[in-house]
Structures are given as C-alpha cells and as structure tokens.
Amino acid sequence: MIPRIHEQGRNTARLLAYLYGPGRREEHTDPHLVASFNGLAPDPGRDPEATLRDLAQLLDEPLLLLPDGTRPATHVWHASVRAARGDRTLTDDEWADIARRVITATGIDPGDGAGCRWAAVRHADDHIHLVATLVREDGRRPDHHRSGKRAQTECRQIEVDYGLHRVAAGDGTAAKRPTSAERHKAERQGRQRTTREELRETVRRSAAGTASEEEFFDRLVSAGLLVRRRIAPSGDTLGYTVALPGDRNGNGQPVFYSGSKLAPDLSLPRIRERWTQGPGDTGPQSPPPVTGPASARRRATGAAWQALLVIDHGDDGMAAAQIAATGEVLDALAKSSAAHTRDELRAAATAFERASRSHVRAVRGHDHALREAARDLVHGGPALGRGEDGATTAMVIDTLVFLAVAAAHWHARKQHAQQAEAARRAAEHLRAAYSSAAQRPMALLNERGRRLAPSWQRHHAGAVRHALPELADRVLAEPGWPALAATLDEVLTAGHDSTALLAQAAARRELDTAERMSDVLVWRLRRMAGLPADPQNAPGRRTRGASFVSSPERAEHLGTRGANRPRRRR
C-alpha cells in the first residue's frame, strides 16, 4: 500500500474534473466516489443528477464561510493511495475503509466532529484519490504536519490487516520518483525509462571513481549529456544541470534536471564530498596506475574485504561511507564488464543505489580504498569475458555478494527497511551475474580436480575436515568440491600450508550463509595465495623446474611448505 501526498492546489473543481475525466491517456475507467466526510456527498460518476460543481461546492463550503483575506491561497489537499504490484483487487467497501483510515491518520479529519470535508474517488482498480479542503468545519486549519509520514505508518498497518504485500517503509532519502507526466512522455516516445531515470543512472555512473570536478564534468559530456554549470561571480561552479539531447519541451528546448533533483547524493556539494582525502593523505589524489581489467578486479576484491570489516566493526559514519562507495564500485564494474554479466551487474548497481543513502551521514575519506578501486575499474578498460579478466570478474562479484549482504544486515539493524530490501535485491542480481562469470573458470577447475589422483583427493578432503570440521560434509558434497580440491592442490604446489590457509580463508567471513561454500573458498584461496584466477594460467603439479611430490605421504615426510617449492637452476 503506497500513499503519496501531492502538492497542494488552489482549485477543487479543476482537480475533480481531472479525477472524473478520461485521464491523459484514457486510462480512467468508471470514476466514482467510494467514501466522503459524511457518506452523503453527491457522486458525479454514478448519479446522473450530480455535477462536479455540486461536489466542489460542498467540499469548499467551510472555505467560503471564512472572511475575505483569511482564506488560504492553496487550500486543496490531494493524496493518492495505491496498492502494491501483485496485490489483489480491493472492493469499493475496502477502499472506503482505507480512505477513512488514511484521512484520520493524516489529521485531515481526526474524528472530533469538526474535521475537514473530503471525498475519495476511484477511477482504477489499484488506487484511489483523496481530495480535501484544508479548512475545518470550525474554521480552523487542520493539523496535517508530516501527513506523508503518518499515511505511511497507517498503510503499514493496513497491509497487515488486509493481508497485502508489506511495502518497506521509507525515510525520505529516496530519489524522487518520475512524475506521471514524465512516465506518459516516455511511453509516447517508446522509451522504457523516463528521462529522469536515464539521467540519474548516467550521472551516477559518470561520478563513479572520479577524483576531481573537471573529470566528473568531462565524463558527463563523454556520456553524451548536455551539461550546464551554474557559475558564481568568483568563477567557482555552484551547481550543474543535465539533459538528454533528444528530450525537448513544447518549445523545442532541452529539459534540464539539476543533480539534486535526480538524487540527493548527486548534487555537486555531495559529489564533492567523495573527493575528501582519507586518513594519512597529504596531497591531492593522483590517478592510480592503469594495470588492466584483471588487476583492477583483484584490487577491488581486496578493497571490498576491507570494507566488510569496517561495516561489521566500524562506527556508523564509516560504515555508511563504505556502503556509499560500494555503489560506485558496482557502477564501475557494470560499466567495464563483458556482455554476459553486464545486464545483471547494471541491475545490481541500480538496486543498490537506494541502499547507498540513509539519514546516517557518510564520513568520507575512510572509503578511499573502495573509491580508488572504482577508479581502477573505470580506467582499467573493458574486461573480456574469458581468461584472467573473466575469472577475476567472478572473484570480485563473489566478494561483492558478501558486501551487499553485509549492507543489508547493517541497514536492517538501523531500521532502514527500504535500504535493506534494496541491498538484498542487489545481492540477488550479483548472484546471477556470478553464475555467468564463474561458469567457465569453475568448470575448468572442476575438471582439473576430478583428474587428481585419489590419494591427493583424500589428502585435500582431510585438509577440509581439519580446517572446517562442522562444515566439511556440506563442502565435500557440493558440485564445486573438485574445483576446491584443484585449488588446494595449487596452494600446496605454490609452497603454502593448504590446511592453515584454508582455515584462514574460512575465518575471514561466515560461510554457512553462502549458497556455494566451495566457490567462496576457491576465490578466497586463489586471492590469498596469489594464484592466477584463471585455471589455465596456473601451473600444474608437474611444472617444469619444480620438484615433484609423488604422494601426500611423501609431502608430509619432506615438509609441505618446502617440498613443492621450485628448485633453483644451477
């Protein structure tokens, strides 16, 4: 149940004419009253003797009784209440009850016998409109302060009482939704999204990983947007507006939107906060070395793990900064990834956008590592869908799933319902993207693991049972167990204590909530041991120039850490 308080108006009759009319696209069907302040108001939709003028005069009567000069200029209160997508079709009687409850909760008619006059109009299956005159029967103004918040609270209880979909409560930090006029314009032009939504996404991705004002504006222009800066007499930029080149008003002029109208954190002052230097920084940020998509993804994986620790154990301002910067990493990753993962990554970034803002103000500077990682992803260039690029994409997505889940848990603890739900949706999209990215490297690792000698398979299974006694049975039963065995084999060949490193990898974050624990351990081990993400780049057990250990027993006799290290050439 989604309530919305519209801008107050000046003309009751004009609003009623719209509500009872055909609509802008002939979408209004069977407009009629479902409830009113006294239950006796004339209904121009069902009563052929009633007129819109009759209803408007009845609602405005308390206003007309006020002396001249004391009447409020904007006296028309207008709200709509819409059922959530997927809810059943409610009856007129049910909508009438909902209308009365919302009117009472908002203070329009609190039930004291002298409230405002109001009417509820239904012209569609899924919503009603509430119209009221903001003058009480006793001539006083109603106490409707924070009526939107009150309506939200009442709608949460209505959902429970009627068994409807539970909509997450908002906190006023969401980006402004497109207006009905913007939606209709997009439909007329055959576009799936409104101009506001397209601009918001483009500006958000342009800002990801930027280090300066000039870089930000250069990216906006490169993205194909029309950009206007608001310049102070001193020459400083005070703000900016953007427009799509093909979006024009009735006079043929571009329709510009300011950053703050797209989203609260896209105003220029808020974007400048991202460039705040972190602890220990002594000078302006310089562009990081561009080392390619694969190394950029490894760097992002490390930064994401550090962010997890901050979200779990840092203060609120630091955690909020890490969550906001996570949105930048998702934007940058979506922008630079291959086609087979791009759609799901874009969907994850779009969903997480809502999770990146709350009333907890981010303490910028502590998010430096994540923002630098986002910058690396952008400057590293587009990644291929195969080889080391593709495998490191799977590696970083695997870590970002945990980061999105951690953000959801943090928001849930703070009672940020919408943000928590958004982070959970982002995690689902990331899991789908991971399935596409990991398919090839995990298949290669599984094949390599199944080719291991039985003695080595038993040895690696023993390492799992020793390091993860409570989770070992589940890990060994997973389809990805051969891939983990192959990775443990590479870890051993590289000279590491596979059991100890496995225990460290498992301790870094809980595993029992992961859908595929073996996959998680594969990527953690490969990163911690410095192994190539792509199995085809990893040396086998019989690599040239390395000593060969014929069996696990021989490895234990020689000492695991040194037995498999490459011999020096003489």
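A polar contact is taken here as a pair of N or O atoms within 3.5 Å, one able to donate a hydrogen and the other to accept it. With that in hand, a good place to start in this predicted model is His28, whose side chain reaches the backbone nitrogen of Gly23 at 3.5 Å. A second polar contact, of 3.4 Å, joins the side chains of His28 and His123. His28 sits in the loop between α1 (12-20) and β2 (32-36), and with a relative accessible area of 10% it counts as buried. Setting aside neighbours within four places in sequence, His28 is in contact with Tyr18, Leu19, Gly21, Pro22, Gly23 and His123.

The loop between α1 and β2 is also the place of Asp30. Here the exposure reads differently on paper: Asp30 has 43% relative accessibility and so counts as partly exposed. Its side chain makes a polar contact of 2.7 Å with the side chain of Arg46. The C-alpha atoms of Asp30 and Arg46 are separated by 8.5 Å, with the two positions 16 residues apart along the chain. Residues up to four places away in sequence aside, Asp30 touches Arg46, Arg122 and His123. His123 thus turns up on the contact lists of both His28 and Asp30.

Stepping back to the whole chain, the secondary structure comes to 22 helices and eight strands. The C-alpha trace spans about 105 × 60 × 45 Å along its principal axes. Of the 570 residues, 52% count as buried. Among contacts with a separation of 6 or more, 70% come from residues 24 or more positions apart.

Next come the aromatics. A pair of aromatic rings is described by the distance of the centres and the angle of the planes. The structure holds four aromatic pairs. One of them joins Phe216 and Phe217, a tilted pair at 5.2 Å centre to centre with 50 degrees between the planes. Another is made by Phe217 and Tyr240, this time edge-to-face, with 5.9 Å between the centres and 80 degrees between the planes. Phe217 belongs to helix α7 (residues 213-222) and Tyr240 to strand β7 (residues 237-243), so this pair ties together parts that are 23 residues apart in sequence. Phe216 and Phe217 are buried, and Tyr240 is buried too. Put together, Phe216, Phe217 and Tyr240 form one aromatic cluster. Elsewhere, a ring has a charge for company: Arg524 lies over the face of Phe402, at 5.1 Å from the ring centre.

Following on from strand β7, Val255 is found in the loop between β7 and β8 (257-258). Its relative accessibility of 21% makes Val255 partly exposed, given that buried means under 20%. Beyond residues up to four places away in sequence, Val255 touches Lys185, Val242, Ala243, Asp247, Arg248 and Asn249. The C-alpha atoms of Val255 and Leu226 are separated by 9.7 Å, and the two residues are 29 apart along the chain.

What about the cysteines? The disulfide count comes to zero. For Cys116, the nearest cysteine sulfur is that of Cys155, 19 Å away. Seen from the other end, the closest cysteine sulfur to Cys155 is in Cys116, and at 19 Å it is too far for a bond. Cys116 has 2% relative accessibility and therefore counts as buried; Cys155, at 0%, also counts as buried.

Finally, helix α19 (residues 498-507) is worth a look from end to side. At the start of α19, a side-chain oxygen of Asp497 reaches to within 3.1 Å of the backbone nitrogen of Thr499. The buried residues of α19 are Ser498, Leu501, Leu502, Ala505 and Ala506. These cover an arc of only 135 degrees around the axis, which puts them on the same side of α19. The cover over these buried residues includes α16 (454-467), α18 (481-493) and α20 (517-528).

Note on methods:
Residues numbered from 1 in each chain as written. Heavy atoms only, no water. Phe/Tyr/Trp six-rings, centres within 6.5 Å; stacked < 30°, edge-to-face > 60°. Buried < 20%, exposed > 50% of the residue type's maximum accessible area, 1.4 Å probe, protein only. Helix = DSSP H or I, 4+ residues; strand = E, 2+ residues; numbered from the N terminus. Lys NZ or Arg CZ within 6 Å of the ring centre and 35° of its normal. Disulfide = S-S within 2.5 Å. Arc of directions from axis to C-beta. Contact = heavy atoms within 4.5 Å.
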